[in-house]
Amino acid sequence: MLSKSYQESGKRLLDLILVLYALLFLLPFLGLVALAVRLSSRGPIFYTQTRVGKDGRLFQAYKFRSMYVNNVDPSTTGEVTLDNPLVTPVGRIIRRLKIDEIPQLWNVVKGDMSPVGPRSTIPEHVEDYTPQERRRLDVMPGLTAGRR
């Protein structure tokens with residue numbers, strides 16, 4: 001039986017190989033999405049949000065920007081639906097197809113996330129976690145949730 005550190009190192013290596021290979025093929029597509037985001041509205045191409053990772057460590061999650069730039073804090077507005085007037089036309093498409101999440105592959109490269117794991121959350125939600133829900137923070141958050 002391999003020790004936990006060897007298992008974690010092996011998983012990390014596998015994550016990196018998988019994601020770097022995916023990024024190699026996705027790069028031209030990501031360039032087109034970035035151009036569409038840039039041309040559709042003023043503002044940065046990427047949106048960052050503070051998320052909580054393994055062991056409660058904070059990190060910046062990357063997404064393609066899908067909303068018009070404004071001064072409203074998203075954490076105060078709740079979930080943003082596709083019919084929200086702040087969502088750009090390109091944003092509606094990339095949100096519906098989950099393309100806005102692809103830049104989080106960079107979070108995997110940085111070691112903040114893994115391809116599979118529980119969804120990362122914002123610090124305000126973690127404050128309300130029960131002891132059982134806090135167990136989510138024992139593992140790396142993922143781009144996609146594993147089966148339960």
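D55 is found in the loop between β1 (46–52) and β2, and that loop residue is a handy place to start looking around this predicted model. D55 has a positive phi of about 60° even though it isn't a glycine. Its side of the story continues below, along with the overall fold, the nonpolar core, the empty spaces and a few residues worth clicking on.

**The big picture**

- The protein chain has five helices and four strands.
- Follow the sequence from start to end and you'll meet them in the pattern α-β-β-α-α-α-β-α-β.
- Of the chain's 148 residues, 34% count as buried.
- Take the contacts between residues at least 6 apart in sequence: 62% of them join residues at least 24 apart.
- The accessible surface adds up to about 10,100 Å², and carbon and sulfur atoms account for 62% of that.

**Loop residues with a positive phi**

- Some background first: most residues other than glycine have a negative phi.
- D55, with its positive phi of about 60°, is exposed, because its relative accessible area of 61% is over the 50% cut-off.
- K98 is another non-glycine residue with a positive phi, near 65°.
- You'll find K98 in the loop between α3 and α4.
- Is K98 buried or exposed? K98 is exposed, with a relative accessible area of 56%.

**The nonpolar core**

- Here's the general idea: in soluble globular proteins, nonpolar side chains tend to be buried together.
- The largest nonpolar core in this model has 17 residues, and the ones touching the most other members are V19, L23, V33, V37, F64, I94 and I99.
- Four elements each supply at least two residues of this core: α1 (4–40), β2 (58–64), α3 (89–96) and α4 (105–110).
- Which element gives the largest share of the core? That would be α1, with six residues.
- Zoom in on I99 and, skipping neighbours within four places in sequence, you'll see contacts with F29, V33, F64 and I94.

**Empty space: a cavity and a pocket**

- Why look for gaps with a probe? Rolling one the size of a water molecule over the atoms shows where empty space is left.
- There is one cavity of 30 Å³ or more, and the largest cavity holds about 50 Å³ of space.
- Its lining is made up of V52, G53, P118, R119, S120, T121, Y129, R136, L137, V139 and P141.
- Sorted by class, that cavity lining has six nonpolar, three polar and two charged residues.
- The second largest pocket has a volume of about 300 Å³.
- This pocket is lined by 13 residues, with E8, K11, K54, V139 and M140 lying nearest its centre.
- V139 appears in the lining of the largest cavity and also in the lining of the second largest pocket.
- Both α1 and β3 (114–116) supply at least two residues of the pocket lining, and α1 gives the most, with five.
- What classes of residue line the second largest pocket? The lining has four nonpolar, two polar and seven charged residues.

**Residues worth a click**

- E101 sits in the loop between α3 and α4.
- E101 counts as buried, because its relative accessible area is 18%, under the 20% cut-off.
- Leaving out residues up to four places away in sequence, E101 touches Y62, K63 and R119, and R119 is also one of the residues lining the largest cavity.
- N107 lies in helix α4 and counts as buried, at 0% relative accessibility.
- Beyond its neighbours within four places in sequence, N107 is in contact with F59, Q60, A61, Y62, D112 and M113.
- N107 and V19 are 88 residues apart in sequence, and their C-alpha atoms are 10.0 Å apart in space.
- R12 is in helix α1 and is partly exposed, with a relative accessible area of 28%.
- Which residues does R12 contact, apart from neighbours within four places in sequence? They are V108, V109, K110 and G111.
- R12 and V109 are 97 residues apart in sequence, yet 9.3 Å apart in space from C-alpha to C-alpha.

Key:
Residues are numbered from 1 along each chain as its sequence is written. This is a predicted model: local features need pLDDT of at least 70, side-chain atom pairs count only at pLDDT 80 or more; totals for chains, interfaces and linings use all residues. Side-chain values use heavy atoms; hydrogens and water are left out. A nonpolar core is a set of buried Ala, Val, Leu, Ile, Met, Phe, Trp, Tyr and Cys residues joined through side-chain atoms within 4.5 Å. Buried means under 20% relative accessible area, exposed over 50%, partly exposed in between (1.4 Å probe, protein chains only). Contact means heavy atoms within 4.5 Å. On a 1 Å grid over the protein atoms alone, a cavity is a set of points where a 1.4 Å probe fits but cannot get out, and a pocket is an open set with protein on both sides within 12 Å along at least five of seven lines; lining residues have an atom within 4 Å of a point. Grid points are joined across faces, edges and corners, and a volume is the space filled by probe spheres set on the points. Ala, Val, Leu, Ile, Met, Phe, Trp, Tyr, Cys and Pro count as nonpolar, Asp, Glu, Lys and Arg as charged, and the others, Gly among them, as polar. Accessible areas come from the Shrake-Rupley method with a 1.4 Å probe; for residues, only the protein chains shown count as cover.
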